[in-house]
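This report introduces a structure to a new reader. It begins with the surroundings of the ligand and then turns to the sheet.

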Amino acid sequence: MLTNTQPAVEVRDLTKTFRTPGGGTVRAVDGIDLTIRTGEVVAFLGPNGAGKTTTLDMVLGLTEPTAGIVSVFGAPPRRAVTSGRVSAVLQTGGLLRDLSVRETVQLIASTHRHPAGVEEVIERAGLTAIAGRRVAKTSGGEQQRLRFALALLPDPDLIVLDEPTAGMDVSSRRAFWESMHAEADAGRTVVFATHYLEEADAFAQRIVMVAQGRVVADGATAQVRARASGRSVSADLPADPARATRALQVLHRIPGVLEVRTEGRRVHVHAGDSDAVARALLTQLDATALEVTSGSLEAAFLAITGDSPTSLVPTHADLEVLG
Ligand SMILES: Nc1ncnc2c1ncn2[C@@H]1O[C@H](COP(=O)(O)OP(=O)(O)OP(=O)(O)O)[C@@H](O)[C@H]1O
């Protein structure tokens, strides 16, 4: 396992453009900057086509960037993968249907120079009860756990998972994330892509929200969740500039305030605790015309990841400053 403080992943101005059959181009990844520290559990959250898979493929050295830099433990991705420091559980990945679960793990173990023990990874992936079963007779969720077992064989420092629980039922999802928890607790860095806010919320310490190839929110899970599920409070501030400035300073200091934005005299505050903001505005700050709005979790998620020009998009720096 890793002991130094080198980042697990560093991505600078990463861009990937694909050609389309009609002769056009698609900018799948559009200038992503990201540092993932050793031991972090990070969710890449975003809608279909956001660029999650393309970004992870570049981190794994499966796709070459059009521009920008990716380094994994200070090395080019391919070198990190070859040395066994990184492994992946991808959405697809061929499995031989006629082998048993155990035979599959044994076969792939034989291709590694210093593999972890076959029975040990079978157990860590929660496959002991079905180790003798033919792959053809296993469910989609069990096959994902088998891919996870294979990913554990090189004893990686970083595990990258692309929508690992897609198509699993609730109990399989839970079992899968329990296994992953144990790996994260052992100090491994885990980066996973998902569509599900709930999954990111339950498992990740940090959420990187991507939409249209760009990072639209990045921060501790609790902060992004509050941003996605909190309320907006807006009001008119006093016309006197000194009093308005003081009001803005007070608003920034209220716990749970994630964003303060002004439009002329009108202030919009996004906060987990909208009551505290409303109270301060009315009782201390002489604000008028107060409005409080809330959206569903789903609507807030769409507002953040969508392309709406009115969406309030906190950056990592905002969240760190305001959180
Ligand atoms: N090989 C390719 N050729 C052309 N376009 C591609 C290719 N791979 C991805 N794209 C396009 O790039 C964009 C980003 O795709 P990507 O698969 O990275 O998104 P995603 O966030 O992983 O989506 P999903 O959640 O659906 O897997 C999409 O518009 C997709 O159609």
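## Ligand shell and sheet

Sorted by class, the shell around the ligand consists of four nonpolar, eight polar and one charged residues. Here Ala, Val, Leu, Ile, Met, Phe, Trp, Tyr, Cys and Pro count as nonpolar, Asp, Glu, Lys and Arg as charged, and the others, Gly among them, as polar. The model is predicted: local features need pLDDT of at least 70 and side-chain atom pairs pLDDT 80 or more, while totals for chains, interfaces and linings use all residues. Residues are numbered from 1 along each chain as its sequence is written.

Among the 13 residues around the ligand, F18, A28, K52, T53 and T54 come nearest; a residue is near a molecule if its C-beta atom, placed from the backbone, lies within 6 Å of it. Two elements, β2 and α1, each give two or more residues to this shell, and α1 gives the most, with three residues. Helices (H or I, at least four residues) and strands (E, at least two) are DSSP runs, numbered from the N terminus.

An open sheet of six strands follows the order β5-β6-β7-β3-β8-β9, with mixed pairing; strands pair if DSSP finds at least two bridges between them. Because β5 and β9 at the edges each have a single partner strand, one side of each is left without a neighbour in the sheet.

| Edge strand | Residues |
|---|---|
| β5 | residues 86-89 |
| β9 | residues 214-220 |

Strand β9 pairs with β8 (residues 206-211) in the antiparallel sense over six bridges, with A211 opposite R214 in β9.
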